[in-house]
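Visitor: I would like to understand the labels people put on a protein model. Can you take me through the reasoning?

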Amino acid sequence: MVEPANTVGLPVNPTPLLTDELDIVIPTIRNLDFLEMWRPFLQPYHLIIVQDGDPTKKIHVPEGYDYELYNRNDINRILGPKASCISFKDSACRCFGYMVSKKKYIFTIDDDCFVAKDPSGKAVNALEQHIKNLLCPSSPFFFNTLYDPYREGADFVRGYPFSLREGVSTAVSHGLWLNIPDYDAPTQLVKPKERNIRYVDAVMTIPKGTLFPMCGMNLAFDRDLIGPAMYFGLMGDGQPIGRYDDMWAGWCIKVICDHLSLGVKTGLPYIYHSKASNPFVNLKKEYKGIFWQEEIIPFFQNAKLSKEATTVQQCYIELSKMVKEKLSSLDPYFDKLADAMVTWIEAWDELNPPAAVAGNGKA
C-alpha cells in the first residue's frame, strides 16, 4: 500500500527555482485545501486558478498563496465570442490559464494530486524535478538505453552518435502517478482495486515519430516553445466526448515537437493520485473516443507538416486543416473541433501579440 508524503512541519523551500518565470495552473470546482500539503514546494510560485462550473461559487485558497482566479464569466469577458473554444464543465478549461499566463514555464496539476514519497520516504518536490527536466536537453533522434543521459550519474552509452549528443531543447515534461493509475474506464472496471506502487527512478525522451498518451494532471512545459499548441480541445458540456482533452493536446504537441525538433520527456516526477473517478461516468464520457482513437491515432502518426510551417502557430493551423479534411468524415464534431483550434490560435495571439520585429517597429 502506497501512501502520500507527510509534509507537515517541512519548511517552505528557501531556494526555489524560476519563481519569476513559472506559473502554476490549476483547474478546479472545489476548495483548494490540497495546497496545504504542497506549501513547502509551491507557495513561492504564482498560481492561476481556472474555476470550472458555477461561477458564483466561492473557492477557498489557503492563506499565503499568490494567485489570480478566473471563472466562466471572466473567460467570456476576456475572450468575447472566442470564449467558445474554452471547454465548460471539463478540466480542459485549464488551457485558458496557459493563454493568460505571461511566464515562460507552466506547471499544471489537479486538485486530487498529493505529494508523493520516493522509495526512501522523502517527499517528492515534483515541480523542482519538472524544472530540471525542462532545463536539460532531450534526445529524440536516437534512444539512449541508460534513459536520460543528462541526469547526474548517467551518460550516453557506447554506440550513441557523437553528432547527436548535444540534444535539443525540451518543450514538455510529463510526470507520472503513484496510487491511482491514469486508466480508461474499461480498464478501471476490469481492475477496480489496482494501484500503482512502483516508483521507477527514470526519465526518458520519447523518440521522434512516437506518440504517447499525455496526462494533464502532472505536466510542465516551456510556454515559449510549445504553448500555442497546448490546447485541450472541446470537451465536456455540449460535446460528445470527454476525458480526451489532454490526449488530444498530447498528440498535437508531439507531431509539432517532432517537426520543430523539440523534445518531450516522461517519467519523474511522481505525484500521489488520491482518488479514482467513477468508471461508469468515465465510460459515458469516453465511449466515443475509445472507438474514434483507433482512427485518430493513425491520423496523427501520418500527419506531415510542411517546411513552410516554422512556428508553433503555423504548425497548429496546418494541423487544424488536416483535422477538418481527414477527420470530419468520422464525425461532425471534428469539423467543429478544427474550427475551435483556429479560434484558439486567434485568441492566443490576441492575448500574446508577437514581439516587435527588429527594424520595422511593428508589434
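Visitor: What is the handedness of the crossing of helix 8 and helix 9?

Guide: In this predicted model, helix 8 and helix 9 cross in a right-handed way.

Visitor: Why is helix 8 called oblique to helix 9?

Guide: Start with the angle. Helix 8 (residues 279–302) and helix 9 (residues 312–327) pack at about 135 degrees. Roughly antiparallel needs an angle over 145, and roughly perpendicular covers 65 to 115. An angle of about 135 degrees fits neither class, so helix 8 is oblique to helix 9. Their axes lie 11 Å apart.

Visitor: Which residues make the contact between helix 8 and helix 9?

Guide: Helix 8 brings Ile296, Phe299 and Phe300. Helix 9 brings Leu319, Met322, Val323, Lys326 and Leu327. By class, seven residues are nonpolar, none is polar and one is charged.

Visitor: What makes Lys326 of helix 9 count as charged?

Guide: Lys is in the charged class, along with Asp, Glu and Arg. Lys326 is part of the contact, so it counts as charged.

Visitor: Which element gives the largest share of the lining of the largest pocket?

Guide: Helix 8, with five residues. The pocket has a volume of about 1200 Å³. It is lined by 45 residues, and among those nearest its centre are Ser91, Asp110 and Arg243. The lining divides into 17 nonpolar, twelve polar and 16 charged residues.

Visitor: What is the volume of the second largest pocket?

Guide: About 480 Å³. Of its 21 lining residues, Asn125 and Glu128 are among the closest to the centre. Helix 4 gives the largest share, four residues.

Methods:
Residues are numbered from 1 along each chain as its sequence is written. This is a predicted model: local features need pLDDT of at least 70, side-chain atom pairs count only at pLDDT 80 or more; totals for chains, interfaces and linings use all residues. Side-chain values use heavy atoms; hydrogens and water are left out. Axes are lines fitted to C-alpha atoms, for helices over the stretch in contact, and angles run from 0 to 180 degrees between N-to-C directions. Helices (H or I, at least four residues) and strands (E, at least two) are DSSP runs, numbered from the N terminus. Angles under 35 degrees count as roughly parallel, over 145 as roughly antiparallel, 65 to 115 as roughly perpendicular and the rest as oblique. A crossing is left-handed if the near helix is turned anticlockwise from the far one by less than a right angle, and right-handed if clockwise. Contact means heavy atoms within 4.5 Å. On a 1 Å grid over the protein atoms alone, a cavity is a set of points where a 1.4 Å probe fits but cannot get out, and a pocket is an open set with protein on both sides within 12 Å along at least five of seven lines; lining residues have an atom within 4 Å of a point. Grid points are joined across faces, edges and corners, and a volume is the space filled by probe spheres set on the points.
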